[in-house]
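Work through the exercises below with the sequence and the structure open. Each task is followed by a solution in steps.

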Amino acid sequence: MSQSYNRGLVEDFGRWREFTAGMWAWIFHKFTGWVLVGYLFTHIAVLSTAIAGANGQTVLVGGEQLNVYTATIQGLESLLIVRVMEVGLLAVAVFHILNGVRLLFVDLGLGLESQDKSFYASLIVTGVIVIASIPTFLEGAF
Amino acid sequence: MSTQVPKEDERTESVEHEAEDSAEQPEASHGDRRRADRDAKRQSVSGAPAEPEQDAFRLKVFRYDPEVEGKMEPRFDDFSVPREKGMTVLDALIYARDTYDTTLTFRHSCRQAVCGSDALFINGRQRLGCQTQISDLDKPVRVEPLPHQDVVKDLVVDMEHFYDQMHAVEPFFQPDEESPGDLEEYRQSPENREEIKMSTRCIWCGACMSSCNIAAGDNQYLGPAAINKAYRFAMDEREGENMKEHRLNVMDQEHGVWRCQTQFSCTNVCPKDIPLTEHIQELKREAVKQNLKFW
């Protein structure tokens with residue numbers, strides 16, 4: 001089904017105003033899924049410094065010998081951008097979980113007629129959880 | 001079309017003449033008045049087409065004809081269509097074709113959402129032209145052929161691929177055995193009928209297939225309409241176990257039910273309100289159940 005004239009793919013982002021709830025849910029689920037996969041790799045990279053840390057390898061930070069693992073974690077956590085991105089990661093993970101539950105119900109054939117409402121609900125709950133977590137996540141960051 | 005008497009403030013002479021005529025014959029039959037009304041409109045258009053009417057809206061229609069020089073480049077034509085009570089997009093298109101441009105091409109037949117010929121892309125959404133009220137739409141009304149299908153001419157798209165997919169699921173009743181009893185009829189329980197009721201309403205308009213983001217990118221995907229058709233027969237108890245197994249095998253493919261990613265686009269656009277996603281999901285579950293069955 002090729003396009004015989006160019007009006008853009010219909011579910012192209014140029015038509016994002018016309019997208020319905022189910023479409024947005026799909027896009028967000030894909031997006032958050034890829035973000036989580038990306039995070040997984042950086043997570044492995046950071047965690048693997050624990051191997052060197054367990055072998056007693058140290059690094060000089062501010063005139064003080066620190067375990068490599070501790071130094072990496074502390075170094076990352078001292079960066080403001082990392083603290084802010086952690087909130088983003090929380091938002092992405094929470095939405096992916098909630099929408100995953102929604103998709104589970106869709107797969108079970110339960111409440112398909114209110115699938116749009118459950119999408120909005122998962123968005124709202126994600127927002128609430130993220131806002132409630134900001135004090136904890138950003139404590140002392142600024 | 002409406003049965004309104006031509007308005008008094010119509011501008012062309014011929015219309016006034018017509019209006020007088022109809023005023024002189026108060027006992028004119030319903031049909032006569034309709035005819036007079038229609039003729040009046042035709043003349044008013046040929047007389048002064050540039051004059052925009054008071055209560056008219058703009059109809060933007062996609063035009064394309066690969067065989068005519070000067071039309072090979074796709075474009076939009078604007079038509080001014082007088083608003084009428086109960087007017088549908090199809091009525092407006094028919095008006096535009098009859099009054100402005102007889103080469104405007106679109107499919108239509110029954111005008112009552114049964115034949116499924118006039119699925120169009122109206123204001124960014126797949127709808128049936130005959131089912132969509134002008135009053136429900138933002139103006140100007142923009143009419144395009146169905147997306148993701150080759151345009152043959154103007155609003156006519158090539159439905160061949162859609163029909164191929166529909167036929168691929170064997171959309172006909174195939175019972176395992178002869179009908180029980182001495183009657184030829186295959187009797188269905190009311191409960192079973194209720195289960196497949198919505199799926200039988202499909203009119204093959206192709207709106208779902210056109211709205212589906214997955215079908216757009218995957219030509220082998222059967223598409224919502226075909227899967228719904230398969231559901232209609234797979235869930236029909238009269239066909240028997242063997243046939244159901246065969247049907248589920250057809251569905252249980254990468255390009256069968258498993259392509260559906262539950263975007264609900266098809267369910268949203270279906271003019272007959274068939275819960276397509278629900279049916280696809282149910283077939284997914286049936287397919288899994290069949291695969292898990294080890295006895």
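## Exercise 1: Two helix crossings

α8(B) passes α11(B) in a left-handed crossing (left-handed if the near helix is turned anticlockwise from the far one by less than a right angle, right-handed if clockwise). The model is predicted, with local features needing pLDDT of at least 70 and side-chain atom pairs counting only at pLDDT 80 or more, while totals for chains, interfaces and linings use all residues. Residues are numbered from 1 along each chain as its sequence is written, and chains are lettered from A and ligands numbered from 1 in the order in which they are written.

Task: state how α8(B) is oriented to α11(B) and to α4(B), and which residues meet.

Solution.

Step 1. Locate the elements: helices (H or I, at least four residues) and strands (E, at least two) are DSSP runs, numbered from the N terminus. Helix α8 of chain B is residues 224–234 and helix α11 of chain B is residues 276–292. Helix α4 of chain B is residues 160–168.

Step 2. Take the angle between α8(B) and α11(B), which is about 60°, with the axes 9 Å apart. Axes are lines fitted to C-alpha atoms, for helices over the stretch in contact, and angles run from 0 to 180 degrees between N-to-C directions. The angle makes α8(B) oblique to α11(B). Angles under 35 degrees count as roughly parallel, over 145 as roughly antiparallel, 65 to 115 as roughly perpendicular and the rest as oblique.

Step 3. List the contacts (C-beta atoms, placed from the backbone, within 7 Å). From α8(B) come B:P224, B:I227, B:N228, B:A230, B:Y231 and B:A234, and they meet B:L276, B:H279, B:I280, B:E282, B:L283 and B:E286 of α11(B). By class this contact has eight nonpolar, two polar and two charged residues. Ala, Val, Leu, Ile, Met, Phe, Trp, Tyr, Cys and Pro count as nonpolar, Asp, Glu, Lys and Arg as charged, and the others, Gly among them, as polar.

Step 4. Repeat for α4(B) and α8(B), whose angle is about 20° with axes 8 Å apart. These two helices are therefore roughly parallel to each other, and α4(B) passes α8(B) in a right-handed crossing. B:Q165, B:M166 and B:A168 of α4(B) meet B:A225, B:A226 and B:K229 of α8(B). The residues of this contact divide into four nonpolar, one polar and one charged.

## Exercise 2: Burial of α8(B)

Task: how many residues of α8(B) are buried, and what do they pack against?

Solution.

Step 1. Apply the cut-offs: a residue is buried if 20 or more other C-beta atoms lie within 10 Å of its own, exposed if 12 or fewer, and partly exposed in between, with C-beta atoms placed from the backbone.

Step 2. Count: eleven of the eleven residues of α8(B) are buried, so the helix is largely enclosed by the rest of the structure. Among them are B:K229, B:R232 and B:F233.

Step 3. Name the partners of the buried residues: α4, α5 (190–196), α6 (207–211), α9 (241–251), α10 (265–269) and α11 of chain B.

Step 4. Set this beside the whole chain, in which buried residues make up 36% of the 295 residues. Chain B has eleven helices and seven strands.

## Exercise 3: Backbone exceptions in chain B

Task: where are the cis peptide bond and the positive phi values of B:W204 and B:T262?

Solution.

Step 1. Recall the usual case: most residues other than glycine have a negative phi, and most peptide bonds are trans.

Step 2. The bond from B:K139 to B:P140 is cis, with omega near -5°. B:P140 lies in the loop between β4 (125–128) and β5 (141–144) of chain B.

Step 3. B:W204, not a glycine, has a positive phi of about 60°. B:W204 sits in the loop between α5 and α6 of chain B and is partly exposed, with 18 other C-beta atoms within 10 Å.

Step 4. B:T262, also not a glycine, has a positive phi of about 45°. The loop between α9 and α10 of chain B holds B:T262, which is buried, with 21 other C-beta atoms within 10 Å.

## Exercise 4: The side of chain A that touches chain B

Task: how many residues does each chain give to the contact?

Solution.

Step 1. Chain A gives 19 residues and chain B gives 25 residues.

Step 2. On chain A, α1 (21–47) and α4 (80–108) each supply at least two of the residues that touch chain B.

Step 3. The residues on the chain A side divide into nine nonpolar, six polar and four charged.

Technical notes. Contact = placed C-beta atoms within 7 Å.
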